[in-house]
Structure formats: C-alpha cells, structure tokens
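User: I'm new to reading protein models and I'd like to see how the descriptive words get earned. Can we go through this one together?

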Amino acid sequence: MCGITGFISKQKESDKEKVIKKMADRIKHRGPDGEGYYVDAYIALGHRRLSIIDIKGGSQPMYSTDKKLVVIFNGEIYNYKELKEELKDYKFQSKSDTEVLLAGYQKWGKNLPKHLRGMFAFAIYNIDTHEVFIARDHFGIKPLYYYQNNGTFMFASEIKSFLEHPDFDKVLNEDIIPGYMTFSFTPTTETFFKGVKRLDAGCS
C-alpha cells in the first residue's frame with residue numbers, strides 16, 4: 001500500500017510545497033517507508049511509499065529517462081516484467097514496476113491502462129505540455145478521489161488528504177444519505193463530502 005496526492009492550482013510554488021507536504025502527511029500511514037514530491041508552477045504531486053519492489057531504485061515521484069514525464073503510483077503491476085520485454089526501446093533505469101507506467105505511456109498514451117494487469121491508481125504528468133493523466137484499475141481495488149473548487153483540482157488516495165488544502169470546503173453531502181441508508185454503501189461515485197467524487201473503476 002502506498003499513498004498518492006496532488007493538485008493543480010495557480011498558487012505560488014512555495015505555497016504549493018507547504019500544502020502538498022501536509023496533504024501527504026495526512027496519508028502517511030499508507031506509506032511509512034518514504035516520501036517524495038514534485039512541484040512546479042502548474043502542479044504539486046506527493047507520494048508516500050511502502051517499499052516492496054526495487055526498494056532502493058523505486059522511489060517516487062519517478063521520472064522518465066528524458067525527464068519529460070513524472071509519475072506517482074499506488075499499487076502493483078503484475079505483468080510488469082512482460083511489459084518490459086515489450087517496451088525494449090525504453091532504457092529502464094530501475095527494476096521497479098512503476099517505471100513501466102512511464103515507458104508504456106510514452107508508447108501507448110491514454111491507452112496505457114488497457115495493457116496493465118494489476119491493481120493501481122496513478123497520475124502521470126507531462127512537464128512540457130502540463131497534461132495530467134490519472135487512472136484507476138479495472139476492478140477499483142486501489143482508491144482514488146478527486147475534487148474541484150476555486151480553480152483548484154485535487155486528487156488523492158484518501159479524502160482526508162484534501163483537508164489540508166485551503167480550497168477544500170468541508171460540506172456534508174446530504175443527498176447521498178438516502179442511498180447509503182438503503183444499500184449500506186454509496187452506489188454512485190458520490191461521497192459524504194459535497195463535491196468529492198470517487199474515480200470509477202477502470203476510468204481515467
């Protein structure tokens with residue numbers, strides 16, 4: 001288990017750095033073995049790591065060999081060794097399954113999830129174009145939530161990460177209560193916080 005969090009906003013980079021650190025600390029229990037951050041004028045990314053595969057070389061955020069892509073990832077790619085064989089043109093720098101996401105995105109773009117077998121939630125950011133690609137595994141094993149307010153878009157493995165962002169309004173979503181009382185779970189992508197949604201399984 002690891003934890004990812006990030007947001008897009010017009011805040012100054014120095015302010016982003018302070019906020020993303022607090023957001024990642026909120027989900028420290030998901031990754032006690034390490035932490036890492038990427039911040040620029042457009043985005044802030046945070047990662048809390050539970051080290052399993054390639055303990056020394058699998059730190060995140062991880063960069064592509066050309067330094068144009070950066071990824072934060074929670075999960076495990078079961079077929080990463082097979083994918084490495086298929087992506088031989090890419091010069092892998094680690095033994096981590098994380099790096100196949102970067103190599104695969106360079107080759108397949110938004111079709112990357114179709115090639116993955118495993119449980120995952122990840123965000124890939126193109127430093128040159130400022131494009132952000134976020135995806136969740138086909139069965140929804142790994143959680144991923146998102147929220148937008150005041151020109152800020154944020155996402156995280158757990159909603160509690162949002163509590164540290166100044167643009168997050170802590171408002172109860174009363175509309176979801178009847179459904180929860182009926183089914184004992186939330187049957188839609190809505191959550192108990194107004195405006196916070198769960199990225200559906202298999203979506204990007």
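**How the labels are earned**

Analyst: Sure, let's start with one pair: isoleucine 77 has glycine 118 in strand 6 as its bridge partner. Keep in mind that this is a predicted model.

User: What makes strand 5 and strand 6 a pair?

Analyst: Two strands pair if there are at least two bridges between them. Strand 5 (residues 69-77) and strand 6 (residues 118-126) have nine bridges, in the antiparallel sense, so they pass the cut-off of at least two.

User: Which sheet do they belong to, and what is its strand order?

Analyst: They sit in an open sheet of four strands, ordered 4-5-6-7, with antiparallel pairing.

User: Why are strand 4 and strand 7 said to stand at the edges?

Analyst: Strand 4 (62-63) and strand 7 (132-136) each have a single partner strand, so one side of each has no neighbour in the sheet.

User: What packs on that sheet?

Analyst: Helix 3 (residues 99-108) does, touching strand 4, strand 5, strand 6 and strand 7. The direction of helix 3 makes about 120° with that of strand 5.

User: How do you know that helix 3 is mostly covered?

Analyst: Eight of the 10 residues of helix 3 are buried, and buried means under 20% relative accessible area. Among the buried ones are Val100, Leu101, Tyr105 and Trp108. The buried residues of helix 3 pack against strand 4, strand 5, helix 2 (80-86), strand 6 and strand 7. Right after helix 3 comes glycine 109, with a positive phi near 60°.

User: What about the six strands that form an open sheet?

Analyst: That sheet has the order 2-3-1-9-8-10, again with antiparallel pairing. Strand 2 (34-39) and strand 10 (197-198) are at its edges, because each has a single partner strand.

User: What makes strand 1 a partner of strand 9 and of strand 3?

Analyst: The cut-off is at least two bridges. Strand 1 (residues 3-8) has four bridges with strand 9 and six with strand 3, so both pairings count. For example, glycine 6 is bridged to phenylalanine 155 in strand 9, while isoleucine 8 stands opposite isoleucine 43 in strand 3.

User: Why is strand 3 called largely enclosed?

Analyst: Seven of its seven residues are buried, so the rest of the structure largely encloses strand 3. Both faces of strand 3 are covered: Ile43, Leu45, His47 and Arg49 are buried on one side, and Ala44, Gly46 and Arg48 on the other. Helix 1 (residues 13-25) lies across strand 1, strand 2 and strand 3, running at about 150° to strand 2.

User: How do you know that arginine 48 and glutamate 35 form a salt bridge?

Analyst: Their side chains come to 3.6 Å, N to O, and the limit is within 4 Å, so the pair qualifies. Arginine 48 is in strand 3 and glutamate 35 is in strand 2, 13 residues apart. The two are also bridge partners, and strand 2 and strand 3 are joined by a hairpin through three residues.

User: Why is one of them called buried and the other partly exposed?

Analyst: Arginine 48 has a relative accessible area of 3%, so it counts as buried, the limit being under 20%. Glutamate 35 has 41%, so it is partly exposed, as exposed would take over 50%. Salt bridges that share partners also join Lys21, Asp25, Glu35 and Arg48 into one network.

User: What makes arginine 26 and glutamate 164 a salt bridge?

Analyst: Their closest N and O atoms are 2.8 Å apart, which is within 4 Å, so the label fits. The partners are 138 residues apart: arginine 26 is in the loop between helix 1 and strand 2, and glutamate 164 in the loop between strand 9 and helix 4. Arginine 26, at 35%, counts as partly exposed, and glutamate 164, at 26%, does too.

User: Last one: why can leucine 172 belong to a nonpolar patch on the surface?

Analyst: Patch members need over 30% relative accessible area. Leucine 172 has 48%, so it passes that test and counts as partly exposed. The patch is formed by Leu172, Ile177, Tyr180, Met181 and Phe192, with about 480 Å² of accessible area together.

Note on methods: Residues are numbered from 1 along each chain as its sequence is written. This is a predicted model: local features need pLDDT of at least 70, side-chain atom pairs count only at pLDDT 80 or more; totals for chains, interfaces and linings use all residues. Side-chain values use heavy atoms; hydrogens and water are left out. Patches are made of residues with over 30% relative accessible area and no salt bridge: like charges are joined within 9 Å, nonpolar side chains (Val, Leu, Ile, Met, Phe, Trp, Tyr) within 5 Å. Accessible areas come from the Shrake-Rupley method with a 1.4 Å probe; for residues, only the protein chains shown count as cover. Buried means under 20% relative accessible area, exposed over 50%, partly exposed in between (1.4 Å probe, protein chains only). Contact means heavy atoms within 4.5 Å. Axes are lines fitted to C-alpha atoms, for helices over the stretch in contact, and angles run from 0 to 180 degrees between N-to-C directions.
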